[in-house]
Amino acid sequence: LGVTSSDQLFVKREKAGQFGVEVWNLRTGLRGRPLSVPPLVDNTVAVSADGKLTAVATKADGPAQIQLINTSNGMARKLAITSLDMRWPLQPVGFSFSPDGTRLAICFEHEGGVLAIAWNTQTGKPLCEHVYLSGMMPIPPREQFKGRALDWVGDNATWLLYGQTLIDAVSGQPLGTLGVDRVIAHH
């Protein structure tokens, strides 16, 4: 799943039908406390840069939600994803913490339209929700774009969508495009 700034390696695992996230200390080579998580599909786990929080998107305990897990003690807080149509599968195309770990955003795409939602990780309160109808921004076909469709830019207030469009995460307004053709991934 990734390596944090505190030299932790996060690994997604499945054993006997149970899903989990293992946290390994790269300096000592020791495994920390494994986190038990709901069943996972692609793009449903995000780890904060400092390794203190792990987020899992799931429908395991009812409607679509984020389980925000404190990595040190395994305690989870649930954040509802109320705008996702119940008939849609829980398949985010982007799921990411802000660089400072205080915000979490998830992005869904359906028939060229995009739904992006963000929360404050300290309070659990929703920060914003933005809907972009098909054709409102350059979105490459899903079969061509292989990477995570949403990432935070270093200022903790801007998103990069599909490696092409910068979005003000608060207002939802496009700030501009990078002008790069045929993007297939970004990080």
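1. Two strands are taken to pair here if DSSP finds at least two bridges between them. The pair β15 (residues 165-168) and β16 meets that rule, with three bridges in the antiparallel sense. Within this pair, I167 has P174 of β16 as its bridge partner. The model under comment is predicted, which applies to every point below.

2. β15 and β16 belong to an open sheet of four strands, in the order β13-β14-β15-β16, and the pairing in this sheet is antiparallel. β13 and β16 (174-177) are its edge strands, each of them pairing on one side only. From one strand to the next, the twist averages 25°.

3. A further open sheet, also listed with four strands, runs in the order β9-β10-β11-β12 with antiparallel pairing. Which strands stand at the edges of this sheet? They are β9 and β12; each has a single partner strand, so one side of each is left without a neighbour in the sheet. The twist here averages 10° from one strand to the next.

4. The first pair to look at in the β9-β10-β11-β12 order is β9 with β10. Strand β9 (residues 94-97) is joined to β10 by four bridges and runs antiparallel to it. F95 is opposite I106 in β10, and F97 is opposite L104 in β10. The two strands make a hairpin with five residues between them, and in its turn G101 has a positive phi of about 75°.

5. Next comes the pairing of β10 with β11, which is antiparallel and extends over eight bridges. Here E109 has V114 in β11 as its bridge partner. These strands also form a hairpin, with two residues between them, where E111 takes a positive phi near 50°. The residue with positive phi is therefore a glutamate in this hairpin, E111, and a glycine, G101, in the hairpin of β9 and β10.

6. At the start of the chain, strand β1 (residues 2-3) pairs with strand β2 (residues 8-15) in the antiparallel sense, over two bridges. G2 stands opposite F10 in β2. β2 is in turn joined to strand β3 (residues 18-25) by eight bridges, again antiparallel. L9 has W24 of β3 as its bridge partner. Two residues lie between β2 and β3 in their hairpin, and A16 in the turn has a positive phi of about 55°.

7. Past β3, R27 sits in the loop that leads to β4 (35-37). Is R27 buried or exposed? With a relative accessibility of 63%, R27 counts as exposed, the cut-off for that class being over 50%. The C-alpha atom of R27 is 6.8 Å from that of D7, although 20 residues separate R27 and D7 along the chain.

8. Nonpolar side chains tend to be buried together in soluble globular proteins. In this model the largest nonpolar core has 19 residues, and L150, W152, W159, L161 and Y162 have the most contacts inside it. Two or more residues come from each of β10 (103-110), β11 (113-120), β12, β13 and β14 (158-161). The greatest share is from β11, which gives three residues. Strands of both four-strand sheets thus appear in the list: β10, β11 and β12, as well as β13 and β14.

9. Another core, of 18 residues, lies apart from the largest one. A64, L68, F97 and W119 are among its members. F97 is the residue that stands opposite L104 in β10.

10. Some nonpolar side chains are on the surface instead. V131, L133 and M136 form a patch there, with about 320 Å² of accessible area together. M136 is placed in the loop between β12 (126-132) and β13 (150-152).

11. How many salt bridges are counted in the model? The count is one. R148 and D151 form a salt bridge, and their closest N and O atoms are 2.4 Å apart. R148 is partly exposed, at a relative accessible area of 28%, whereas D151 counts as buried because its relative accessibility is 8%, the limit for buried being under 20%.

Technical notes:
Residues are numbered from 1 along each chain as its sequence is written. This is a predicted model: local features need pLDDT of at least 70, side-chain atom pairs count only at pLDDT 80 or more; totals for chains, interfaces and linings use all residues. Side-chain values use heavy atoms; hydrogens and water are left out. A salt bridge is a side-chain nitrogen of Lys or Arg within 4 Å of a carboxyl oxygen of Asp or Glu. Buried means under 20% relative accessible area, exposed over 50%, partly exposed in between (1.4 Å probe, protein chains only). Patches are made of residues with over 30% relative accessible area and no salt bridge: like charges are joined within 9 Å, nonpolar side chains (Val, Leu, Ile, Met, Phe, Trp, Tyr) within 5 Å. Accessible areas come from the Shrake-Rupley method with a 1.4 Å probe; for residues, only the protein chains shown count as cover. A nonpolar core is a set of buried Ala, Val, Leu, Ile, Met, Phe, Trp, Tyr and Cys residues joined through side-chain atoms within 4.5 Å. Axes are lines fitted to C-alpha atoms, for helices over the stretch in contact, and angles run from 0 to 180 degrees between N-to-C directions.
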